[in-house]
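Welcome! Here are a few exercises to work through at your own pace, each followed by a solution in steps. Have the sequence and the 3D view ready.

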Amino acid sequence: MGRHLLIYDVEWWIIGKHAKLIQQYHPSLDLMSVGELDRYLERHSSVDLNQAYDRIVAMCLGIAAYCIFKHIRIDASAAVSYYYFSQNYETFREWNRDELIPDPEFLRLVIPRIGIFRAMNQ
């Protein structure tokens with residue numbers, strides 16, 4: 001198995017905690033927070049990172065989009081919520097009550113660049 005990288009937000013938040021849990025079952029998995037990614041990119045290029053790993057995975061679509069715009073290849077991403085598919089994703093929405101208005105730019109610029117999606121909830 002080649003080198004794999006999982007990019008998460010911060011250690012103390014739920015996505016970071018899930019990343020640590022996943023690593024227990026995949027000991028050769030490297031973890032990198034978004035902050036660590038930024039520090040890495042200050043010293044190295046995105047090409048260096050892309051070439052160093054066979055698989056690069058983001059823990060949510062927001063992180064995937066952030067990485068893609070930093071020219072990091074994202075092979076797979078968890079789709080934790082529908083927020084990033086929608087316009088005004090900063091606004092809290094109830095799953096069953098509010099209409100989802102898709103964000104065409106996100107759908108055009110981000111989604112086609114991610115090969116695999118997995119969900120942690122319905």
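## Exercise 1: A covered helix

Helix 4 is mostly covered, with seven of its nine residues buried. The model you are looking at is a predicted one.

**Task.** Find which residues of helix 4 are buried, and look at what follows the helix.

**Solution.**
- Step 1. Go along helix 4 and mark Leu61, Gly62, Ile63, Ala64, Ala65, Cys67 and Ile68, which are the buried ones.
- Step 2. Take Cys67 as an example: its relative accessibility is 0%, so cysteine 67 counts as buried.
- Step 3. Move on past the helix to histidine 71, where phi is positive, near 70 degrees.

## Exercise 2: Two cysteines

**Task.** Work out how many disulfides there are, and how far the sulfur of cysteine 60 is from the nearest cysteine sulfur.

**Solution.**
- Step 1. The count of disulfides is zero.
- Step 2. For cysteine 60, the nearest cysteine sulfur belongs to cysteine 67 and is 9.2 Å away. A disulfide needs the two sulfur atoms within 2.5 Å, and cysteine 60 is in none.
- Step 3. Turn the question round: cysteine 67 is in no disulfide either, and its nearest cysteine sulfur is that of cysteine 60.
- Step 4. Check the surroundings of cysteine 60: its relative accessible area is 9%, so this residue is buried.

## Exercise 3: Reading the sheet

**Task.** Put the strands of the sheet in order and say which strands lie at the edges.

**Solution.**
- Step 1. Five strands make up an open sheet with parallel pairing, and their order is 2-1-3-4-5.
- Step 2. Strand 2 (29–33) and strand 5 (116–118) are the edge strands, each pairing on one side only.
- Step 3. Averaged over the sheet and ignoring direction, neighbouring strands are turned by 20 degrees against each other.
- Step 4. Now add helix 2, which packs on the sheet and touches strand 1 (4–8) and strand 2. The directions of helix 2 and strand 2 make an angle of about 90 degrees.
- Step 5. Walk across the inner pairs. Strand 1 and strand 3 run parallel and are joined by four bridges, with leucine 5 partnered by isoleucine 56 of strand 3. Two bridges then link strand 3 to strand 4, and three link strand 4 to strand 5.
- Step 6. Pause at strand 3 (residues 55–58): Ile56 and Ala58 form its covered face, whereas Arg55 and Val57 form the uncovered one.

## Exercise 4: The setting of serine 77

**Task.** Decide whether serine 77 is buried or exposed, and name what serine 77 is in contact with beyond its neighbours within four places in sequence.

**Solution.**
- Step 1. Locate serine 77 in strand 4 (residues 76–78).
- Step 2. Its relative accessibility is 2%; because buried means under 20%, serine 77 counts as buried.
- Step 3. Look to both sides in the sheet. Alanine 58 stands opposite serine 77, and in strand 5 the bridge partner is phenylalanine 117.
- Step 4. Leaving aside those sequence neighbours, the contacts of serine 77 are Ala58, Cys60, Leu61, Ala64, Ile114, Ile116, Phe117 and Arg118.
- Step 5. Zoom in on Cys60: the backbone oxygen of cysteine 60 is 3.3 Å from a polar atom of the serine 77 side chain.

## Exercise 5: Charged pairs

Side chains of opposite charge can pair when their charged atoms come close.

**Task.** Find how many salt bridges are counted, then examine three examples.

**Solution.**
- Step 1. The count is four salt bridges.
- Step 2. One of them joins lysine 70 to aspartate 38, with 3.9 Å between the closest N and O atoms. Lysine 70 is in the loop between helix 4 (61–69) and strand 4, while aspartate 38 is in helix 2 (residues 34–43), so this pair ties together parts 32 residues apart in sequence.
- Step 3. Arginine 73 and aspartate 75 also meet in a salt bridge, at 3.0 Å from N to O. Arginine 73 is partly exposed at 27% relative accessibility, whereas aspartate 75 is buried at 14%.
- Step 4. Glutamate 105 and arginine 108 form another, with their closest N and O atoms 2.8 Å apart. Both lie in helix 5 (residues 104–109), three residues apart, about one turn of the helix. Glutamate 105 is partly exposed at 42%, and arginine 108 is exposed at 52%.

Terms used: Residues numbered from 1 in each chain as written. Predicted model: local features only at pLDDT ≥ 70, side-chain atom pairs only at ≥ 80, totals over all residues. Heavy atoms only, no water. Buried < 20%, exposed > 50% of the residue type's maximum accessible area, 1.4 Å probe, protein only. Polar contact = N/O pair within 3.5 Å; in protein donor to acceptor, adjacent residues only side chain to side chain. Contact = heavy atoms within 4.5 Å. Salt bridge = Lys/Arg side-chain N within 4 Å of Asp/Glu carboxyl O. Pairing = 2+ DSSP bridges. Axes fitted to C-alpha atoms, helices over the stretch in contact; angles between N-to-C directions.
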